[in-house]
Amino acid sequence: MKRMEPEKWPGQPFPLGATYDGVGTNFALFSEVAERVELCLFDDAGGSEKRLDVTESDGYVWHCFLPGVGPGQRYGYRVHGPHFPEAGVRCNENKLLLDPYARALDGEMKWDPAVYGYPLGGDDRARNDEDSAPFVPRSVVCSPWFEWGDDRPLRIPWHETVLYECHVKGLTMRHPEVPPDLRGTYAGMAHPAVIDHLKRLGVTAVELMPVHQFLHDHYLTEQSLSNYWGYNSIAFLAPHSDYSAWGVEQVVSEFKYLVKTMHQAGIEVILDVVYNHTAEGNHFGPTLSFRGIDNPAYYRLADGGRYYFDTTGTGNTLNMRHPHVLQLIIDSLRYWVSEMHVDGFRFDLAASLARQFHEVDRLSAFFDLIQVDPVVSQVKLIAEPWDLGEGGYQVGNFPTLWSEWNGRYRDTVRDYWCGADRTLADFAYRLTGSSDLYGRTGRHPYASVNFVTAHDGFTLTDLVSYDYKHNDANGEENRDGTDDNRSWNSGVEGPTDDPEVLRLRVNRRRALMTTMLLSTGVPMLRHGDELGHSQGGNNNAYCQDNEISWLDWESADTEFLDFCAQLIDFRHRHPVFRRRRFFEGEPIRRGGLSDISWFRPDGKEMTDDDWDAGFAKSLAVFLNGDALPDPDPRGRRVTDDSFLLLFNGHYGDVTFVLPGKDWGRRWMREFDTASLEPAKRARTAGAKVNVTARSVQVFRRVTD
């Protein structure tokens, strides 16, 4: 009996991707270079390929509608067209291609020679006609329906935000209360035990490391390693299927369930997104999607088109000058906001997105589109404000809608607590919101995302335990990862039983965390820092999908967790640490004190000479709670307690003298990072206070 071909209707060129409407699925693919496009349908097991010619094309969008085809359908494309690598065109109908707009992918990547467009090991300009279909994932048609109930955007103001950078798998893989079948998954992260931890800690937003579908690099799989961090995207609308407990056909619903659960707990979800490059790599990389669909449209090419312009260190850079690439990114961002309900994005190597040509352009088309988009412009936008290209370090130079990972903050705070010379003035800028970076362009303190540690680099525990990286497990003979750690091992490299070294490490962790959480701006914690997580000195654990990276909940430092939770709660309760405008350094009202004042340890106000003293490593700062410039949401004046923060970055103890009565007659100690003992009595103006080496004390002015 002759098998019937599926019924095929012309369909529509919009929206791009595979869109199910309850009757059937519309398929639409952009390619300007294609001469013919085949839609390939597969059974649930990914086999039994059936090819259909897509004959309709409008504005270089090839499209058709298949009635009766719905969620769960596996598919891909074959694009027929010119193969002239010297000119940058690399079509090859023997390569099964992923839909750039796929909502889900099924199947593992197998690094067979057939996935390459050229004979592996040979000239990249030669043509390899081996069929790649048996070795590459399939795109999957997904159902758009989900019961969101009354879920709405939380819209937590920036100045009330505390970010928590985390990895879906690493956060949950070793959690004893998460069922084994849910560990390492979206559903596992939504487990009550994880939610309870986040609420206890007091964070208001999770910043998820990449959850767009990504691939594991060939050279890593050959070493039995993997791309654990996930900065190797191949599909910008698809949740990474390996993080699904419910299976690929339910991966979209499972991710939505995670977002809905977080929102019910009052926690926003921010995605770390990688739009600067794809997993296809350079001219020696595989042909999986964009390269075979329309290479010169999707990628920035060099030297006539054969090679790739690379500012990311990954082999390629997306072509942000092409309208369909910009459309793909905007469509992806809108999808994650509108359909997946996420609350914002952190853009990896964001300077690459702003490169019109060789220079980073603050007014590039990408930023213009974000600015005018009615959906994307309303969510939290965070830039990693650098890339690897010339002039790529752009801290402080992003548009007004954006916040930035403040690399200057990280470096300065690390330097200060390591005892580096000539850091005092820079430290003061970082502590008060980095007005030198953001104030000159009309931005506000929340432009600065303040962090001391992140996924890339030492954990907080390792920052105070290692002078040098220890990355041997990565298989690159310890050559990978930065050598600019700005760390200090506190006297012994790595693990030790020395009680004095251990005490110093605890003090320094508390001092670093206190500095960050009481700085003006938006604090960001790295997951596991609150638990004392160590990676054994590995500062580049991108390929360590194992106990090196996974959080060890059963060995958690619960005392430090309590300390962090108390600090975050303290920040939430006191608006003087959450200012929406920069300090003026002048009285807000006639006859009043300045909104901020700086003091030497002897209680005298700082002079210009004091700021320039390279040896100075200790200072006090007065924060005036009666001089807050920001009204509450109803326009009413806001006041707070006033505080005095004493910082001792010296190797030895320092005696501070509390300022004169003009600033406060009595002071009660709230925190001492060198001792968790509560204060027994208030101290009076002019009193002497001993501040332990490498520690912070926080005093509240007593007015009763």
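# From paired strands to pockets

Strand β28 and strand β31 (residues 695-702) run antiparallel and are joined by six bridges. Within that pairing, Met668 of β28 has Arg700 in β31 as its bridge partner. Strand β28, which covers residues 666-672, also pairs in the antiparallel sense with strand β29 (residues 683-684), here over two bridges, and Arg666 is the residue that stands opposite Thr684 in β29. Everything described here is read from a predicted model.

From this corner of the chain we can step back to the whole. The secondary structure of the protein comes to 15 helices and 31 strands. The radius of gyration is 27 Å, close to the 27 Å that the globule rule gives for 704 residues, and the protein is therefore as compact as a globular protein of that length. Taken along the principal axes, the C-alpha atoms fill a box of roughly 95 × 55 × 50 Å, and of the 704 residues in the protein, buried ones make up 62%.

Another group of strands shows how a sheet is put together. Five strands, in the order β4-β3-β7-β11-β10, form an open sheet whose pairing is antiparallel. At its edges lie β4 (50-54) and β10 (105-106), each of which pairs on one side only. Further in, strand β3 (residues 36-42) and strand β7 (residues 74-80) are held in antiparallel pairing over seven bridges, and one pair in this arrangement is Glu38 with its bridge partner Arg78 in β7.

Strand β7 also leads to the salt bridges. Side chains of opposite charge can pair when their charged atoms come close. The structure holds 45 such salt bridges, and one of them is formed where the side chains of Arg74 and Glu249 meet, at 2.8 Å from N to O. Because Arg74 lies in strand β7 while Glu249 lies in the loop between β15 (233-239) and α5 (251-264), the pair ties together parts that are 175 residues apart in sequence. The two partners can also be described by their accessibility: Arg74 is buried, with a relative accessible area of 5%, whereas Glu249 is partly exposed, with a relative accessible area of 44%.

What does the salt bridge between Arg486 and Asp411 look like, and how far apart are the closest N and O atoms? In this pair, the closest N and O atoms of Arg486 and Asp411 are 3.8 Å apart. Arg486 lies in the loop between α12 (460-463) and α13 (499-517), and Asp411 lies in helix α9 (residues 407-418), so the pair ties together parts that are 75 residues apart in sequence. Arg486, at 27% relative accessibility, counts as partly exposed, while Asp411, at 18%, counts as buried.

A salt bridge may also lie within one helix, as Arg503 and Glu500 show, with their closest N and O atoms 3.1 Å apart. These two residues are three residues apart in helix α13 and are thus separated by about one helical turn. Arg503 counts as partly exposed at 41% relative accessibility, and Glu500 counts as partly exposed at 48%. Elsewhere, salt bridges that share partners join Arg36, Glu38, Glu49, Arg51, Asp53, Arg78 and Asp131 into one network. Glu38 and Arg78, already met as bridge partners, are thus also members of this network.

The last topic is the space between the atoms. Rolling a probe the size of a water molecule over the atoms shows where empty space is left. The second largest pocket holds about 390 Å³ of space and is lined by 19 residues, of which Pro15, Arg103, Leu237, Tyr335 and Glu339 lie nearest its centre. Two or more residues of this lining come from each of β1 (17-20), α5 and α7 (323-338), and the largest share, four residues, is given by α7. By residue class, the lining of this pocket divides into eleven nonpolar, three polar and five charged residues.

Enclosed spaces are counted separately, and there are five cavities of 30 Å³ or more. In the largest cavity lies about 70 Å³ of space. The residues that line the largest cavity are His83, Arg90, Asn92, Gly117, Tyr118, Asp124, His283, Gly285, Thr287 and Arg291, and they divide into one nonpolar, six polar and three charged.

How values were computed
Residues are numbered from 1 along each chain as its sequence is written. This is a predicted model: local features need pLDDT of at least 70, side-chain atom pairs count only at pLDDT 80 or more; totals for chains, interfaces and linings use all residues. Side-chain values use heavy atoms; hydrogens and water are left out. Two strands pair if DSSP finds at least two bridges between them. On a 1 Å grid over the protein atoms alone, a cavity is a set of points where a 1.4 Å probe fits but cannot get out, and a pocket is an open set with protein on both sides within 12 Å along at least five of seven lines; lining residues have an atom within 4 Å of a point. Grid points are joined across faces, edges and corners, and a volume is the space filled by probe spheres set on the points. Ala, Val, Leu, Ile, Met, Phe, Trp, Tyr, Cys and Pro count as nonpolar, Asp, Glu, Lys and Arg as charged, and the others, Gly among them, as polar. A salt bridge is a side-chain nitrogen of Lys or Arg within 4 Å of a carboxyl oxygen of Asp or Glu. Buried means under 20% relative accessible area, exposed over 50%, partly exposed in between (1.4 Å probe, protein chains only). The radius of gyration is taken over C-alpha atoms; the globule rule is 2.2 Å times the number of residues to the power 0.38.
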